[in-house]
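Okay everyone, thanks for coming. I'll put a new structure up on the screen, and then we'll walk through it together.

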Amino acid sequence: IKLGAIKGTNVIVDAQTKIDKPINGKILIVDDEQINLSLLKSLFFNLNYEIVTAKDGLEALEIIKNSAFDVIICERNVPKIDGISLKLAVNDLTNNAKAMFVLLTYNKNKDIVLRANQLGVDYVLQKPVLFEELLGFIQRFIKLRRSIQ
């Protein structure tokens, strides 16, 4: 009903009607566990983020080479190229070198955090992740990034 009021009178609104909604940012989620991909994708999509997913680090690297992201969320132990190696590769790509990088792990420890800090990983979060915490980091990052540009 609200969409009909916006579009004007005598307009048919159905399943084919395109609804333009503002995109809050573009996020790549890399995880080999389908449940994690689906859950994060759904949560961010419902908040108007553009979401791209990858099941392994090699697939993610190919996507990253061809598209810019605001945020990259990657599980540390994804197959083919792990999260740490993916961040190392991202650092060499101009289109995503300044993207926020979040490393997710079930086993957060001092060595992982030190290595992540050396590579410029923005956050290392232990699974299960509190979505509200992750969302807060992302919202602040994107807001700051847009205010600088």
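So let me start with a question: in which hand of crossing, left or right, does α2 pass α6? Keep that in your heads for a minute while I set the scene.

One thing up front: this is a predicted model. The chain has 149 residues, and 40% of them are buried. In terms of secondary structure, we've got 6 helices and 5 strands. If you start at the N terminus and read along, the elements go α-β-α-β-α-β-α-β-α-β-α.

How about contacts across the chain? Take the ones between residues at least 6 apart in sequence: 61% of those join residues at least 24 apart. And for the outside, the accessible surface is about 9,000 Å², with 55% of that belonging to carbon and sulfur atoms.

Right, back to our two helices. α2 covers residues 34-45, and α6 covers residues 131-148. Their axes come within 12 Å, and they cross at roughly 55 degrees. An angle like that is neither under 35 degrees nor in the 65 to 115 range, so we call α2 and α6 oblique to each other. And here's what I asked you at the start: the crossing of α2 past α6 is right-handed.

Who's actually touching whom? On the α2 side you have L40, L43 and F44. From α6 come F131, L134, L135 and I138. Sort the residues of that contact by type and you get 7 nonpolar, no polar and no charged.

That's my tour, so over to you.

Methods. Residues are numbered from 1 along each chain as its sequence is written. This is a predicted model: local features need pLDDT of at least 70, side-chain atom pairs count only at pLDDT 80 or more; totals for chains, interfaces and linings use all residues. Side-chain values use heavy atoms; hydrogens and water are left out. Axes are lines fitted to C-alpha atoms, for helices over the stretch in contact, and angles run from 0 to 180 degrees between N-to-C directions. Helices (H or I, at least four residues) and strands (E, at least two) are DSSP runs, numbered from the N terminus. Angles under 35 degrees count as roughly parallel, over 145 as roughly antiparallel, 65 to 115 as roughly perpendicular and the rest as oblique. A crossing is left-handed if the near helix is turned anticlockwise from the far one by less than a right angle, and right-handed if clockwise. Contact means heavy atoms within 4.5 Å. Ala, Val, Leu, Ile, Met, Phe, Trp, Tyr, Cys and Pro count as nonpolar, Asp, Glu, Lys and Arg as charged, and the others, Gly among them, as polar. Buried means under 20% relative accessible area, exposed over 50%, partly exposed in between (1.4 Å probe, protein chains only). Accessible areas come from the Shrake-Rupley method with a 1.4 Å probe; for residues, only the protein chains shown count as cover.
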